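Reader: Please show the model, and then take me through its strands, one of its helices and the ligand shell.

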Amino acid sequence: MSVGSLRQRQSPLAGAGTQLQILESVPVPSFQEKLEGHGLSLQAAEIEILQVNVGKLCNQTCAHCHVDAGPDRREIMERPVFELCLDALDRIRIPKVDVTGGAPELNPHFRWFVEQVRERGRHVIDRCNLTVLLLPSQAGLAEFLAQNKVEIICSLPYYQQRETDLQRGSGVFERSIEALRKLNHLGYGGDGSPLTLNLVYNPVGAYLPGAQKQVEADFRRTLLKKFNVSFNHLYAIANMPISRFLDFLIRSGNLEGYMERLVNAFNPAAVEGLMCRNTLSVGWDGRLYDCDFNQMLDLEVLRGVELRGLDRLLSEPPMENASRFFVSSRLRGGSGAVFTTKTRRRKEFCGFEPIQSVSLRRNLVAGKTCHEFHELFQRNRALHKENLSQRRSA
Ligand code: SF4
């Protein structure tokens, strides 16, 4: 069952503020409490991935979409913002660029950007919904990706038609299989091939994914046997309780139960590997975020700081005296988000750290309230300004 975008339906949930308020009202333990309970803390790592969300335009309107993407969305990254991304890559050693959307390939600058990034010797990941590869307007897209050795991470919620079409729309499963075969034909997903094809599995209802290894084995066996399709790896992720999946949870009366399941599935062993520790997310308009999920909730790393502000941020001295805190929110499905101040100028761009993962239910973190976040955020900004002015007058 495909649905229209929240924006199109004029749903109150189309606004990030309403989503935050609803999530805030769910009584679950904080992320901080979870960490402390396990004697853990979170530390920033090197930025290894620049994730670029090139817009909300998509050829599908999947029921669980955290972007609220669809054919009706018109927000797309324009050329000047792409150029700022390239400029950042020219000055900062970030080895991977992860291009996402919407359907990122529908952005008219997509192929040019991929070529530019590849010319700079960086690895490119394309978050592909598969069906876009078959659109008449996208002729030659699969071949283009292969020629540029782009890694493809594609969504396939299940290896059965019913579940996939329920989540992603009628006919999507069949077209996805056709697209996978096309990619296999080009060399994607083969043993020893340099063309990497990874799948993403996410549950179709208000439940958490099973063990990734088992799910991967089931997918591998079934796709090969029934459809002669092969792939490299599978990521099993939980759905983020935001945007259209939040809408579904509320409508089906599952919100509290789902959040409880997420909290109870917290796995301390996964904290170290949270992918957002090494990722910086760029929005279609050039604003910066800890992750794609925070991007959709309009939770910027630092209000008003975008790619254009990089030079200023890079030239600022380390924040030696800045206190470190985390604030996480309880809106993170399958994982969570945490913000920490930088005590050193390590994560080049901003005063806050990305600690967010889209990975498994094991990664759940939940957190403090939105009000607490804003309060701490304001305090930290004030402290940062104070440190800077002290340093300038010294
Ligand atoms: S989940 Fe992906 S394919 Fe589906 S509507 Fe959202 S962006 Fe498009």
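Author: Two strands pair if DSSP finds at least two bridges between them; helices (H or I, at least four residues) and strands (E, at least two) are DSSP runs, numbered from the N terminus. The model is predicted, so local features need pLDDT of at least 70 and side-chain atom pairs count only at pLDDT 80 or more, while totals for chains, interfaces and linings use all residues. Residues are numbered from 1 along each chain as its sequence is written.

Reader: Which residue of strand 5 stands opposite Cys 154?
Author: Strand 4 pairs with strand 5 (residues 197-201) in the parallel sense, over 4 bridges. In this pairing, the residue facing Cys 154 is Leu 199.

Reader: Which residue in strand 4 stands opposite Ile 125?
Author: Strand 3 (residues 123-128) runs parallel to strand 4, joined by 4 bridges. Opposite Ile 125 is Glu 151.

Reader: How many residues of strand 4 are buried?
Author: A residue is buried if 20 or more other C-beta atoms, placed from the backbone, lie within 10 Å of its own. Strand 4 (residues 151-155) is largely enclosed by the rest of the structure, because the buried residues number 4 of the 5.

Reader: How far apart are the end C-alpha atoms of helix 8?
Author: The expected span is 1.5 Å times one less than the number of residues. For the 16 residues of helix 8 (residues 212-227) this gives 22 Å, which agrees with the end C-alpha separation of 21 Å.

Reader: Which residues come nearest the ligand?
Author: There are 13 residues around the ligand, near meaning a C-beta atom, placed from the backbone, within 6 Å. Those that come nearest are Cys 58, Cys 62, Cys 65, Ala 69 and Asn 129.

Technical notes: A residue is buried if 20 or more other C-beta atoms lie within 10 Å of its own, exposed if 12 or fewer, and partly exposed in between; C-beta atoms are placed from the backbone.
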